[in-house]
Structures are given as structure tokens and as C-alpha cells.
Amino acid sequence: MKKAITVLLTLCLLLTALTPAFARSAEGLRVAVASDIHYNLPEETFDADIDDPIFYYANRRAAMENESGAILDAFLRQCADDAVDCVLIPGDMADNGRSTPAEHAAVRDKLLAFERETGIEVFVIDGNHDLGEKGEYCAFGMEEFKANYALLGYDHALETVSDDCSYTADLGEKYRLIALDSCDYSKSTEDGMTLKKVNWVVRQAKQAYADGRYPILMMHHNLLDHLPMQRIISRNFIIRNHLATANRFADAGIRLALTGHEHCSDAAEHISPAGSRICDLTTTSLTMYPLAYRVIDFTDDEIAYASRKLEKLDTAALKAEVPAFTDAQLAAMDADLDAYARQFAVKGITYRLQLQLTMEKIGIAPGEPFYDLVNAATRSLDELLRLPLYGEGSVSEIAARYHIEIPQTDYETGWDLAASLVTEHYAGGEAYEVDDPRVTALLRTASLILKFVPDQTADALLSDAGKAVADALTGQDVKALCRRLFGGVTPGEYLIAAILSPIIYGFVMDDDAPDNDGTLHGYGADDRGANLLEKFRAFFANLKKMFENIFRILHI
């Protein structure tokens, strides 16, 4: 009898071990989502482009490239601790994936080792850094991607697409993943969405419901706006015809789209004219500040999502792999990884912004009408942003001359202020109160720029630029026209304010769904057949948002 019980227990243990981890929970589903890993093969030596004893190797992408292997390892360790049922990665596994297949091989090997050790399945889809049209400058195409990641999603595929990397796979007992290839292999960052791809997603969503499952969409490019006017100022990061596509996906019953590409942590909700809800939950780059991923719990009633930061790196293993790291750098990582990652990002973003504030990057050549004016203005702007924000000879001291008070914050310089704004966008949760000192400091520094830069620019340059504008238009008296339109506000101030206000507002006053921790309607509360009242509410909600955006743009 004891022998029979022992055999039975052994069989049970074996069956448990052989059962795919993503099928462990019949009632709900817990997934981890990490995006834009951008794995890099480590360098033997670091370039020193920045004047800083610790962060001299920071790059203008603000990506912790040489730490990327250790970061991926840390993420996978925490996934095991989080007891997730599966891991989803919406693209950009490798940073130089088109030209360096070895990066893909390294990521694949780490993910497969994680699957073997934990039994937790990983599902991937391609991003714009992963593959392209094979040729002289591209060694990694669609077929290579599918072959390299054959055991990381495609081995569970219910349906695959022959001419791209899309596929579907079941997750747990109730859900189905629709992994959509949103890339254009001939482009750098632009999406490759077509009506054929949209129709395929809709068909797969309907088939999932027919099979008694709820569809979850995963793709690299954003489905909804995660920046103010994203389709205008960051158009290559959001799919074309995004609202029309979102309406079709929502009405097909897709409640959640998991995306990446924009390198920010953000949740954007949309209600179709028919009253169907969909949320685009985009996840920041794993190897950029704040070194974060998401854990999402699905039940019939709700979808609860939470952001998780990496707690620590194995710095001993990192040193063994990348000897170029100094003891001081590794000690700083061990002391406070979050602070280290943030300062790395601020240094890198500042470096990038300063590089972009040159005539070469702006694209105006010597001899062109606006060259002297823009060159003088950019020098004045750079001079102002390099100054300390507080103390003698500071931005605050200059602002006082214009009767502008810069409130006390932790920012050191104007560049630090600008770079910190970008890092907060990466991290998400930038919904500050209107009277927050950080918001006030940002807006008042912007208003100082509007006054300081023109003051530092010679009147002759302004006159020459004004004449060039007048000549470029219809030859009318532009000054008189602007006075009549804008009154006492100078045209330059009004124009810059009108352009910047919706962008700044959208960055610091994110009033959409909570970015990092929140809940959404579960798939069980199906609203695809919304009643007439819900449809009217959705219509007026969309109308209200449209007018709010118009008012922001017009600076009303």
C-alpha cells in the first residue's frame, strides 16, 4: 500500500513538473511584461563623453547598455519570485538586432535557461530593432527571428502568419495572446500596420471568443497616445490611423493592448463610439530608468496592473563579464540601484539634448536667412540652462530681474530640470498638482527663456529674421498683422507658448488612467453590447477630450 501511494505521489509530482507553468491557474492569470530590453554585447572599454567621475560612460540614449545582460538576469529572477504564470515581451529584444545576430542568441539563451529552470513560459514578438529586410546592412530578417525564438512563443502557436512574425497562443484556461508584428522591415522606427493586419487581429479576437477565451493583444508600437499630440511630435512610435484601429479592436472585444517602443510607463484608455473600452498599457524600456516591468493579474472582474522596479543587480557577475566597470560604479549600484539608474538617465539625456542644440542638428546652414538668429538664440539658451538654478549667478538670480521667482526644488541646473522631465515621462506617474514646485519651476523657467533669449539676441538679427518671414509670406506688414492679432503679447511669445503649453501640460499633468498601478474592467464584464446611454457617454467623453486638446493647443 505504501509503495502504491509513493508511486502515485511521484506521478503527481512528475505531472505537475511537466504541466506548462502558464496553465497553472484556471481561475485567473498572472503575467509579467518587460519591453525594449535592447540587449547589447558588452564593451571592453567605455567611451568617456561626459565629465563625471561615475557616469562618464552614459550615452545619449540613456540606456544602460553594458549592464543589459545583468538587468535581464535580475528581471528573470524577480519574475520567478513574483510567481508569474508567463512572461510577455513586446519587442526590441536586441539593440543591434538587425546587424548583430549574436545579441539575439544571447537573449534567447537567457530566456530558454529561465524556462528550463522555472517552468515559466516566455512569449515574444519583434520590435523595430530586432529585424529588417535582409541585405548588405541587415543580417537578421523575419525567418531568422522566428527560428531564433522558435521555443519562445512560436512553439505554442495556434496560428502563425507566413509573411510576418504574428501568431496566437493560449495563456492559461481563459485567455489567448494575439502577438501582432506591427513593424515595417524597411523602416527604422515607423510602424508597418496595414488593413490586412488589422483584419487579422479582429478575426483572431472573434475566434478567441468563439473558443471561450478572452483576447489579449501584444505588439511593439503604441495603439493609443502616450504623449501630448503623439501622432504629430512622435509619429513613428504610434500606429497610423490609431483611433480607427483602436475602435475596431475594442469593438472586437479586446480590452488590453500591451505595447512598448515609446520607452515610457503609461496607461491610456479609449472608449469606442459603440461604448467598448480598450486600454493601451505601454511599458518602459527594461534597461533604462526606472529599470521597471509590469505584473498584471487577470480575473473576470478586473485587470490589476502594478509596476515593479529591479531591486538589485549581481554586480560580482557584472564585473566578471564587463571588467571595465570600476569599484566605485559597482558600489554605487549596490548602494541604491534606483538612484544610480536615474542619475545615469539624467546625465545621458542632458548630453543628448546638448548635442541636439547645435546648428548642424537643427538643420540650418550658414548663409540661410535664420542662421545668425537661431545660432545666437541657441547659444543663449544653452548658456542659461548650464547655469545653476539657485545661488549667485544662477537662473533664479536672472529670473528675479524679470520679476520671476523660481521655487526651491532639488534640480541643480536648467538642463537637469529638462532631463528630469524626460525621465519622469519614462517612469510614468507624472500627474503633478498644478501648484507642485517642480511644475512651477518648469513653467517659470520656460517663461524666463521666452524673455531671456530674445534679450540676448541683437535687434538687427530679429529684424533680419522678421524681414525673411515677411518675404516668405505674402509681403504683408507682418508686424502690424501680429499686433492686431496678439495685442500686447509678442508674436514669438504667443507662438512658443501655444506650441509648448499642451506638450508641457501633457508631460506633467497626465490625467489619463494611472500609469504604474491601477485596475481596469475585467473581461468578464463584457460591454461590447453597450446600451444607448453608454454610447452617448462615450460620444460626449470623446468630444470633451477633443475640445480640451484644442483649448490646450490654442493656449486658452
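Student: How many bridges join S6 to S7, and do these strands run parallel or antiparallel?

Tutor: In this predicted model, S6 and S7 are joined by 5 bridges and run parallel. Two strands count as paired if there are at least two bridges between them, so the 5 bridges joining S6 to S7 satisfy that criterion. As an example of a single bridge, Ala179 has Met218 in S7 as its partner.

Student: What makes S7 a strand that can be called enclosed or open?

Tutor: The test is relative accessible area, for which buried means under 20%. In S7, 5 of the 5 residues are buried, and therefore the strand is largely enclosed by the rest of the structure. Both faces of S7 are covered, with Tyr214, Ile216 and Met218 buried on one side and Pro215 and Leu217 buried on the other.

Student: What is the strand order of the open sheet of 7 strands, and which strands stand at its edges?

Tutor: The order is S4-S5-S6-S7-S8-S10-S9, and the pairing is mixed. The edge strands are S4 (157-160) and S9 (266-271), each of which pairs on one side only. Neighbouring strands in this sheet are turned against each other by 20 degrees on average, direction ignored.

Student: How do you know that S4 is paired with S5, and in which direction do they run?

Tutor: At least two bridges are required for pairing, and S4 is joined to S5 (residues 167-171) by 3 bridges, with the two strands running antiparallel. One bridge sets Glu159 against Thr168 in S5.

Student: Which strands does helix H5 lie across, and at what angle does H5 run to S6?

Tutor: H5 (residues 195-210) lies across S4, S5, S6 (175-179) and S7 (214-218), and its direction makes about 170 degrees with S6. Helix H7 (residues 242-251), by comparison, lies across S7, S9 and S10 (277-282), and runs at about 115 degrees to S10.

Student: Are H5 and H7 called roughly parallel or roughly antiparallel, and why?

Tutor: The axes of H5 and H7 come within 9 Å and cross at roughly 20 degrees. Angles under 35 degrees count as roughly parallel, and therefore H5 is roughly parallel to H7. The crossing of H5 with H7 is right-handed. The contact is made by Leu195, Val198, Asn199, Val201 and Val202 of H5, together with Thr245, Arg248 and Phe249 of H7.

Student: Why are S3 and S13 described as edge strands in the open sheet of 6 strands?

Tutor: That sheet has the order S3-S2-S1-S11-S12-S13, with mixed pairing. Strands S3 (121-125) and S13 (517-521) each have a single partner strand, so one side of each is left without a neighbour in the sheet. From one strand to the next, the twist averages 20 degrees. S12 (residues 302-309) and S13 run antiparallel and are joined by 5 bridges, and Ala306 stands opposite Asp517 in S13. Helix H2 packs on this sheet, touching S1, S2 (86-90), S11 and S12, and its direction makes about 25 degrees with that of S11.

Student: How do you know whether His38 and His403 are buried or exposed?

Tutor: The cut-offs are under 20% for buried and over 50% for exposed. His38 has a relative accessible area of 2% and is therefore buried, whereas His403 has a relative accessible area of 78% and is therefore exposed. His38 is found in the loop between S1 (29-33) and H2 (68-81), while His403 lies in the loop between H13 (395-401) and H14 (414-427).

Student: What is notable about phi in His38 and in His403?

Tutor: Most residues other than glycine have a negative phi. Phi of His38 is near 50 degrees, a positive value, and phi of His403, near 60 degrees, is also positive.

Student: Which kind of peptide bond, cis or trans, joins Tyr289 and Pro290?

Tutor: Tyr289 and Pro290 are joined by a cis peptide bond, with omega at about 15 degrees. Most peptide bonds are trans. Pro290 is placed in the loop between S10 and S11 (292-298).

Student: What puts the buried residues of H9 on the same side of the helix?

Tutor: The buried residues of H9 (residues 327-335) are Gln329, Leu330 and Met333. They cover an arc of only 95 degrees around the axis, which puts them on the same side of H9. On the other side of H9, Asp327, Asp334 and Ala335 are exposed. The cover over the buried residues of H9 includes H8 (315-321) and H10 (337-356).

Terms used:
Residues are numbered from 1 along each chain as its sequence is written. This is a predicted model: local features need pLDDT of at least 70, side-chain atom pairs count only at pLDDT 80 or more; totals for chains, interfaces and linings use all residues. Side-chain values use heavy atoms; hydrogens and water are left out. Helices (H or I, at least four residues) and strands (E, at least two) are DSSP runs, numbered from the N terminus. Axes are lines fitted to C-alpha atoms, for helices over the stretch in contact, and angles run from 0 to 180 degrees between N-to-C directions. Contact means heavy atoms within 4.5 Å. Buried means under 20% relative accessible area, exposed over 50%, partly exposed in between (1.4 Å probe, protein chains only). The arc is that of the directions from the helix axis to the C-beta atoms. Angles under 35 degrees count as roughly parallel, over 145 as roughly antiparallel, 65 to 115 as roughly perpendicular and the rest as oblique. A crossing is left-handed if the near helix is turned anticlockwise from the far one by less than a right angle, and right-handed if clockwise.
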